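Please look over the structure shown below, and keep the sequence at hand while reading the report that follows.

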Amino acid sequence: MNFSEYFPIWDQLAPGQREALSGSLVSRAVKKGTVLHGGGTDCTGLLLVKSGQLRAFILSKEGREVTLYRLFDRDLCLFSASCMMRSIQFDITITAEKDSELWIIPADVYKRLMEQSAAAANYTNEIMAARFSEVMWLIEQIMWNRMDRRVAAFLLEESAIEGARRLSITHETIANHLGTHREVVTRMLRYLQSEGMVKLSRSTVELLDEKKLTALRDM
C-alpha cells in the first residue's frame with residue numbers, strides 16, 4: 001500500500017503539498033529492538049507506521065523505564081521530531097517492539113506543511129491532544145492505582161495485542177513498561193499465580209483466568 005492510503009488527510013492536501021511530502025519520505029524496515037529515536041536532542045522526523053509495533057518510553061536518571069504509549073499500523077509519532085516543537089521538550093526514546101516498516105517524514109517538511117495546510121495543522125493537534133491524554137492517564141495510574149491492578153491491566157492489554165493468552169515476556173520487560181522494579185513485578189505475578197489468575201514459567205506468563213484479572217483491573 002502507498003503512503004497516501006496511510007495518511008488520512010492526503011486528499012485534503014493541494015497537489016504541490018502532496019508532491020513535497022511524497023518526495024521527502026524515507027522508507028525504513030527495522031528489526032525488533034532497533035532504537036529509532038534516542039531522546040529530546042534527537043530530531044529523527046515524524047514516524048508513520050506501515051506495519052509492526054513501536055514503543056515510546058522515558059528513561060529516568062536511575063535507568064528506570066516507563067512506557068508512555070505504543071504505536072501500531074497507521075499511527076503517526078510526533079515526538080520523534082522534537083525540533084519541530086521547540087516550546088515542548090520531551091526526552092522520549094522510541095524503539096521497535098517488533099520487526100516494523102515505516103515512513104520517516106522530515107521535520108522541516110512537515111512543519112511547512114502545517115503552516116500551509118489547515119487540515120494538516122488540525123490533524124497534528126488532534127494527535128497531540130490524544131498523546132497528552134494517554135500520558136495524563138498514565139500519570140494517574142502511577143500515582144493512584146495499586147500495582148497489582150496495573151500488572152493485571154498490562155497483562156490483559158498485552159494479551160489483546162498479541163492475540164494470545166500465553167505471553168513470551170520477562171518480569172524485567174513488564175517492569176520497564178510499568179516504570180517499577182523487577183522484584184515488585186515478580187512479587188505481583190506470584191500473587192496472581194497464587195490466586196489462579198496466571199501461570200508462570202521461564203520468560204512466560206500464561207493467563208488462566210481473564211475474568212478474575214479483569215475484575216482486579218476494574219476494582
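## Two helices that cross

In this predicted model, H6 and H7 lie roughly perpendicular to each other, because their axes cross at roughly 110° and angles of 65 to 115 degrees count as roughly perpendicular. Helix H6 spans residues 171–178 and helix H7 spans residues 182–194, and the two axes come within 8 Å. In general, two packed helices are described by the angle between their axes and by the distance between those axes.

On the H6 side, the residues that meet H7 are His171, Glu172, Ile174 and Ala175, and their counterparts in H7 are Arg182, Val185, Thr186 and Leu189.

## The surroundings of H6

H6 is mostly covered, with six of its eight residues buried; these are His171, Ile174, Ala175, Asn176, His177 and Leu178. Of these buried residues, His171, Ile174 and Ala175 are also among the H6 residues that meet H7.

The cover over the buried residues of H6 includes H7, but also helix H5 (147–162) together with strand S4 (54–59) and strand S5 (65–71). Just after H6 comes glycine 179, which takes a positive phi of about 70°.

## Threonine 204

Threonine 204 has its place in strand S11, which covers residues 204–207. Is this threonine buried or exposed? With a relative accessible area of 11%, threonine 204 is buried, because buried means under 20% relative accessible area.

Leaving aside residues up to four places away in sequence, threonine 204 touches Arg166, Leu167, Ile169 and Lys199. Threonine 34, by contrast, lies 170 residues from threonine 204 along the chain, and the C-alpha atoms of the two are separated by 23 Å.

## The chain as a whole

The protein chain contains eight helices and eleven strands, and its C-alpha atoms fill a box of roughly 60 × 35 × 30 Å along the principal axes. Of the 219 residues in the chain, 47% are buried. Considering contacts between residues at least 6 apart in sequence, 70% join residues that are at least 24 apart.

The accessible surface of the chain comes to about 11600 Å², and 50% of that surface belongs to carbon and sulfur atoms. The chain carries 28 positive and 28 negative charges, and the mean positions of the two sets are 5 Å apart.

Methods: Residues numbered from 1 in each chain as written. Predicted model: local features only at pLDDT ≥ 70, side-chain atom pairs only at ≥ 80, totals over all residues. Heavy atoms only, no water. Helix = DSSP H or I, 4+ residues; strand = E, 2+ residues; numbered from the N terminus. Buried < 20%, exposed > 50% of the residue type's maximum accessible area, 1.4 Å probe, protein only. Contact = heavy atoms within 4.5 Å. Areas by Shrake-Rupley, 256 points an atom, 1.4 Å probe, with all protein chains shown as cover. Lys, Arg positive; Asp, Glu negative; His and termini not counted. Charge placed at Lys NZ, Arg CZ, Asp CG, Glu CD. Axes fitted to C-alpha atoms, helices over the stretch in contact; angles between N-to-C directions. Parallel < 35°, antiparallel > 145°, perpendicular 65-115°, else oblique.
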